[in-house]
Amino acid sequence: MPFAKTPSAFRPPDVPDRRLLSENRRLVREIDRRGVLRGAVSLGALSLLTGCDVSNGESVQSALRAISGFNDRVQAWLFDPNKPAPTYRPDQVLKPPRFNAYYPIQQVKPVDPATYQLEFAGLVSDKRPWTLDRIRAFPEQEIIVRHICIEGWDYIGQWSGLNLRDFLTSVGADLTAKYVAFHGNDDYMESIDMASALHPQTILATKYAGETLPDPYGFPLRLRTAVKLGFKNPKWIRAIEVTNTYPGGYWSDKGFNWFSGI
Ligand SMILES: Nc1nc2c(c(=O)[nH]1)N[C@H]1C(S)=C(S)[C@@H](COP(=O)(O)O)O[C@H]1N2
Ligand SMILES: [Mo]
C-alpha cells in the first residue's frame, strides 16, 4: 500500500464510523488482540496509519489487512516478553534516520541550546532543572534497536544517551510510581509504565549514530526505548513527570493502545 504523508492539519475524528468498522469487526478484533490498536480506533486514525483514504468498506478492509500484516512483523520484533529486544550491528544503521511527527519536518521548531532546561514534575525529590552541560556530563549508553512506527514502517537506529533508570535514580524519582510522562517542546506528550522506564534498553538519547541529535530527531533530548513503538518515544523533551495518575498521551488519547510495547 503506498505511504502518503497526511496533511499537518489533519486530526482523527473523535467518533468512529461505526458502520464501516462494524462490517470489519473480525479484523479489528484480531488487530486489537495483538495490542496495537484499540477496538474503538477511528477511521481518521486508520487513514493516518495507512495513508489510505478509508471512505468505503473495501478500502477500510484493505487498510485493516495492511495493519494486521504489519502487526505480525511487529510481534516478531518487539512483543516477546521472554527476550530482551533484539539489537543490531552498526553497519545496519539507517543514516540519516527517518523523520516522523504529527506535522511535517518543515514545521519543526528547533530547541535553543542556550536557554534549554530539563524540568521535573510529580514524584521527584530533586526538581532542580538540568542544563545541557549537566545532561552531557552523565555517563553514556548506546543502543542499536529497531524503530517501529504504527504507520507501518521501521528502521534500525543507533541512539546513545543517559540510561533512564540511572537518571531517575539520580533525581530521586519514586521508582515505585506507576507512570513516567515525557513532555515535548511541541506540546506532544506520551507516558510509559515504570517497568518500561526502568528497562535496561531505555535511554534518554542525546545522539544518533555517534553525533549530537539533529533538530528533526529530537535535539537535545528524546526518549528511546527498545520496548515500545515509535510514538511512545517523545522527542524534544522539556519536562519529565513521575506520577500515579494515568497521564495518557497524544496518540493514546486518539485510540492507539497506550501500552504499545512488551
Ligand atoms: N515531540 C514529539 N515526539 C514524537 C512525535 C511527535 O510528533 N512529537 N512523533 C512520534 C512518532 S509517531 C514517531 S514514529 C517518532 C519518530 O522519530 P524519528 O523522527 O526520530 O524517526 O517520534 C515520536 N515522537
Ligand atoms: Mo510513529
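Me: In this predicted model, Ala, Val, Leu, Ile, Met, Phe, Trp, Tyr, Cys and Pro count as nonpolar, Asp, Glu, Lys and Arg as charged, and the others as polar. By class, how many residues does the shell around ligand 1 have?
Reply: The shell is sorted into those three classes. Four of its residues are polar and four are charged. The nonpolar residues number ten.

Me: Which residues come nearest to ligand 1?
Reply: Ligand 1 has 18 residues around it. Those that come nearest are Arg98, Tyr155, Asp186, Asn233 and Lys235.

Me: How much of ligand 1 does the protein bury?
Reply: Start with the polar atoms. A side-chain N or O atom of Asp186 is 2.8 Å from a nitrogen atom of ligand 1. Arg222 places a polar side-chain atom 3.0 Å from a ligand 1 oxygen. Taken alone, ligand 1 exposes 540 Å², and the share buried by the protein is 99%.

Me: Is histidine 147 buried or exposed?
Reply: Histidine 147 sits in strand β2. Beyond four places in sequence, it touches residues including Trp153, Tyr155 and Arg222. Buried means under 20% relative accessible area. Histidine 147 has 7% relative accessibility, so it counts as buried.

Me: Which residues touch the most other members of the largest nonpolar core?
Reply: This core has 60 residues. Among the elements that each supply at least two of them are β2, β3 and α6. Phenylalanine 167 is in contact with Leu118, Trp130 and Ile240, among others. The residues touching the most other members are Leu118, Phe167, Leu168 and Leu204.

Terms used
Residues are numbered from 1 along each chain as its sequence is written. Chains are lettered from A and ligands numbered from 1 in the order in which they are written. This is a predicted model: local features need pLDDT of at least 70, side-chain atom pairs count only at pLDDT 80 or more; totals for chains, interfaces and linings use all residues. Side-chain values use heavy atoms; hydrogens and water are left out. A nonpolar core is a set of buried Ala, Val, Leu, Ile, Met, Phe, Trp, Tyr and Cys residues joined through side-chain atoms within 4.5 Å. Buried means under 20% relative accessible area, exposed over 50%, partly exposed in between (1.4 Å probe, protein chains only). Helices (H or I, at least four residues) and strands (E, at least two) are DSSP runs, numbered from the N terminus. Contact means heavy atoms within 4.5 Å. A residue is near a molecule or strand if one of its heavy atoms lies within 4 Å of it. A polar contact is a pair of N or O atoms within 3.5 Å; within protein, one must be able to donate a hydrogen and the other to accept it, and residues adjacent in sequence count only if both atoms are side-chain atoms. Accessible areas come from the Shrake-Rupley method with a 1.4 Å probe; for residues, only the protein chains shown count as cover.
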